[in-house]
Amino acid sequence: MKFKILKYGILATILAGLVLVACNDDFLTREPQGQYSPAALKTLDGVEGLLIGAYAMLDGQGLDGQDAWNNDIQNWVFGGLTSDDAYKGTDAGDQPEQSFLERYDFQPTSVHITNKWRGLFKGVARTNDVLNTLKEVEAVSDSRRAQIVAEARFLRGIFHFEARKMWKLIPYIDDETYELNDLSSTKVPNDKEVWPMIEADFEAAMNALPETQAEVGRPTKYAAMAFLAKAYMYQGWDQSSGAANTATLQKAKAILDQIVNSGKYELTEKYEDNFRIATRNNKESIFEVQYAVSSASGDAATAGVGLAHPYIDPWGCCGFYQPSQNLVNAFKTSADGLPLLDTFNDTDVKNDQGLTYSDPFEPYTGPLDPRLDHTVGRRGILFIDFKIHGSDFIRDQSYAGPYSPKKHIAERAGFGINGWGNLSSNNYRIMRYSMILLWLAECEVELGNLERARELVNIVRARAANPAGFVPKAIQGAASRDDYSIVLDEDGQPLPAANYVIGTYDSPWANAETARKAVRFETRLEFGMEGHRFFDLVRWGIAADVLNDYLSVEGTKRTYLTGASFDKGKNEYYPVPQNAIDRSALNGSNTLQQDPAY
């Protein structure tokens with residue numbers, strides 16, 4: 001009863017206030033207080049605020065009723081655990097919907113798939129809101145107006161690009177179509193190819209953006225060029241036959257050459273600098289998704305990968321996104337440091353499956369690419385700067401194996417700054433210079449320039465071979481799991497954690513097939529566990545062959561993968577969410593249509 005009395009008392013006070021206010025002649029024209037007002041945004045400051053809101057959708061977070069990992073820009077769900085890089089991880093009962101995705105049982109009713117769609121098209125809506133509101137603001141200089149338009153179109157290109165690589169059939173919604181207060185403006189059919197419109201957004205941004213930006217996080221001319229090239233790369237192969245579209249790859253090459261020849265970017269000396277908070281926005285970075293942990297709720301931090309942390313303190317949650325044995329095996333090298341392109345998966349790198357941390361373990365002593373231990377947490381190797389990896393990192397070894405993800409996890413200095421300890425401000429390097437080099441190498445192979453392709457791959461491999469960037473050898477101390485010490489050689493330099501042997505390709509590739517295999521293998525090694533692998537396999541037109549071979553072996557290690565298969569011509573893309581189709585009804589019929597493969 002006390003609650004009811006209070007509630008009705010407040011209501012009476014509000015009503016009395018309304019009577020008094022209504023006596024004022026301005027009552028009917030007064031702007032509402034404490035809520036969104038479109039009129040108040042029709043200023044330069046308002047437009048700038050809307051633009052920041054569009055940037056905020058880059059990480060995929062912030063939608064009501066949506067778990068952050070459903071739409072995470074790092075794509076660990078849709079580009080990682082659906083590839084041969086990773087398992088869902090954790091245990092069988094947590095996030096079971098992801099288990100369906102991992103087995104290529106893609107359903108239009110999947111909450112993950114639905115929320116990915118929602119998040120991306122919310123980003124599209126925000127960019128269009130920026131552009132339309134800007135049209136009604138007069139007090140803006142021509143130069144600033146051009147920059148706002150360019151940044152908004154760049155973002156709109158990214159949101160549509162991310163959607164197009166997820167779904168074969170998507171609508172393209174521009175500012176001429178979109179109207180904030182008219183829901184029918186978003187009901188655009190998905191009956192045409194949208195690549196030309198995505199390219200147009202990136203081209204417009206490229207032609208207007210400056211070469212440098214005063215504020216990190218805003219795109220430059222080169223960022224727009226890189227994404228335009230990426231759009232071409234995604235159209236560079238016939239996905240049913242795997243045949244190269246050389247005309248499209250020639251377009252990509254022209255842009256990639258410009259970026260390389262500009263001299264604006266170079267590889268960092270150490271590979272790990274692409275994954276640490278302390279080295280964000282470095283000389284290799286072309287565009288990063290910026291994270292922060294300054295807000296009270298941490299909603300600008302890396303919540304989207306929050307589940308994908310080890311199951312041991314200081315994280316304690318939740319053991320998702322565990323690297324596959326197949327990925328670990330891919331980092332084996334020959335005695336001269338070259339990848340085992342055809343035989344890498346014949347035998348396994350030794351692991352501690354079934355062993356407790358106190359059980360003795362002799363690590364694998366064969367030659368390995370040093371990038372393995374920046375990509376995968378494995379037994380006996382220092383995990384960033386926290387502790388030595390062991391079985392206590394894993395929630396259920398028998399279910400998802402002995403390995404942990406590593407690249408997105410912040411170093412100790414950036415850990416647990418605010419709220420949940422799995423949040424950090426460790427940026428996602430969505431576009432970096434090594435991508436440019438390897439995409440250019442792909443183009444050169446298909447255009448017959450094998451020596452140039454080999455040169456480009458060797459640049460990437462030479463950086464990985466820098467001993468200063470090797471993970472150091474550490475030994476466990478006696479005090480606690482956090483207690484370890486680095487082992488030094490007689491000159492006081494850290495010893496490497498494993499038998500790292502990596503070399504360059506010093507002999508010409510015999511033919512395009514060999515070169516193609518080497519470049520694609522290098523791409524996997526360089527970007528393992530970064531959410532790109534599934535989409536790379538699809539764009540090359542080899543997803544069915546690679547993933548069915550993977551499943552045939554992994555099904556003997558992970559029993560839940562037994563019987564799983566990738567359906568060529570279907571599983572390259574996800575189904576359009578049924579919720580989106582149902583909500584697209586206009587004048588009695590749906591404007592969105594399901595992919596015929598589903």
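Analyst: Contact here means heavy atoms within 4.5 Å of each other. With that in hand, welcome to this predicted model. In helix 9, the buried residues pack against helix 8 (221-233), helix 13 (433-446) and helix 14 (450-464).

User: Which residues of helix 9 are buried?

Analyst: They are Thr 248, Leu 249, Ala 252, Lys 253, Ile 255, Leu 256, Asp 257, Ile 259 and Val 260. Just after helix 9 comes Gly 263, with a positive phi near 70 degrees.

User: How do you know that the span of helix 9 agrees with its number of residues?

Analyst: The expected span is 1.5 Å times one less than the number of residues. Helix 9 runs over residues 246-262, and its 17 residues should therefore span 24 Å. Its end C-alpha atoms are 24 Å apart, which agrees. Helix 8 can be checked in a similar way: from first C-alpha to last, its 13 residues reach 18 Å, close to the 18 Å expected.

User: What makes helix 8 largely enclosed by the rest of the structure?

Analyst: A residue is buried when its relative accessible area is under 20%. In helix 8, 12 of the 13 residues are buried, so the helix is largely enclosed. Among them are Tyr 222, Phe 227, Lys 230 and Met 233.

User: Does Asn 132 count as buried or exposed, and why?

Analyst: Asn 132 has 17% relative accessibility, and the limit for buried is under 20%, so Asn 132 counts as buried. Its place is in helix 5 (residues 111-134). Beyond its neighbours within four places in sequence, Asn 132 is in contact with Asp 175 and Tyr 178. Its side chain reaches the backbone oxygen of Asp 175 at 3.2 Å.

User: Why does Gln 213 count as partly exposed?

Analyst: Partly exposed covers the range between under 20% and over 50%. Gln 213 has 24% relative accessibility, so partly exposed is the right label. You will find Gln 213 in the loop between helix 7 (195-208) and helix 8. The side chain of Gln 213 reaches the backbone oxygen of Pro 219 at 2.8 Å.

User: Why are helix 5 and helix 6 called roughly antiparallel?

Analyst: Angles over 145 degrees count as roughly antiparallel. Helix 5 and helix 6 (residues 142-166) pack at an angle of about 160 degrees, and they are therefore roughly antiparallel to each other. Their axes are 9 Å apart, and the crossing is left-handed. Where they meet, helix 5 brings residues including Phe 121 and Leu 131, while helix 6 brings residues including Arg 145 and Phe 159.

User: Why does Thr 523 count as buried?

Analyst: Its relative accessibility is 5%, and buried means under 20%, so Thr 523 qualifies. Thr 523 lies in helix 15 (residues 512-527). Not counting residues up to four places away in sequence, Thr 523 touches Leu 438, Glu 442, Asp 536 and Trp 540.

User: What is the phi of Met 529?

Analyst: Phi of Met 529 is near 65 degrees, a positive value in a residue other than glycine. Met 529 lies in the loop between helix 15 and helix 16 (533-540). At 5% relative accessibility, Met 529 counts as buried.

Conventions. Residues numbered from 1 in each chain as written. Predicted model: local features only at pLDDT ≥ 70, side-chain atom pairs only at ≥ 80, totals over all residues. Heavy atoms only, no water. Helix = DSSP H or I, 4+ residues; strand = E, 2+ residues; numbered from the N terminus. Buried < 20%, exposed > 50% of the residue type's maximum accessible area, 1.4 Å probe, protein only. Polar contact = N/O pair within 3.5 Å; in protein donor to acceptor, adjacent residues only side chain to side chain. Axes fitted to C-alpha atoms, helices over the stretch in contact; angles between N-to-C directions. Parallel < 35°, antiparallel > 145°, perpendicular 65-115°, else oblique. Left-handed = near helix turned anticlockwise from the far one by under 90°.
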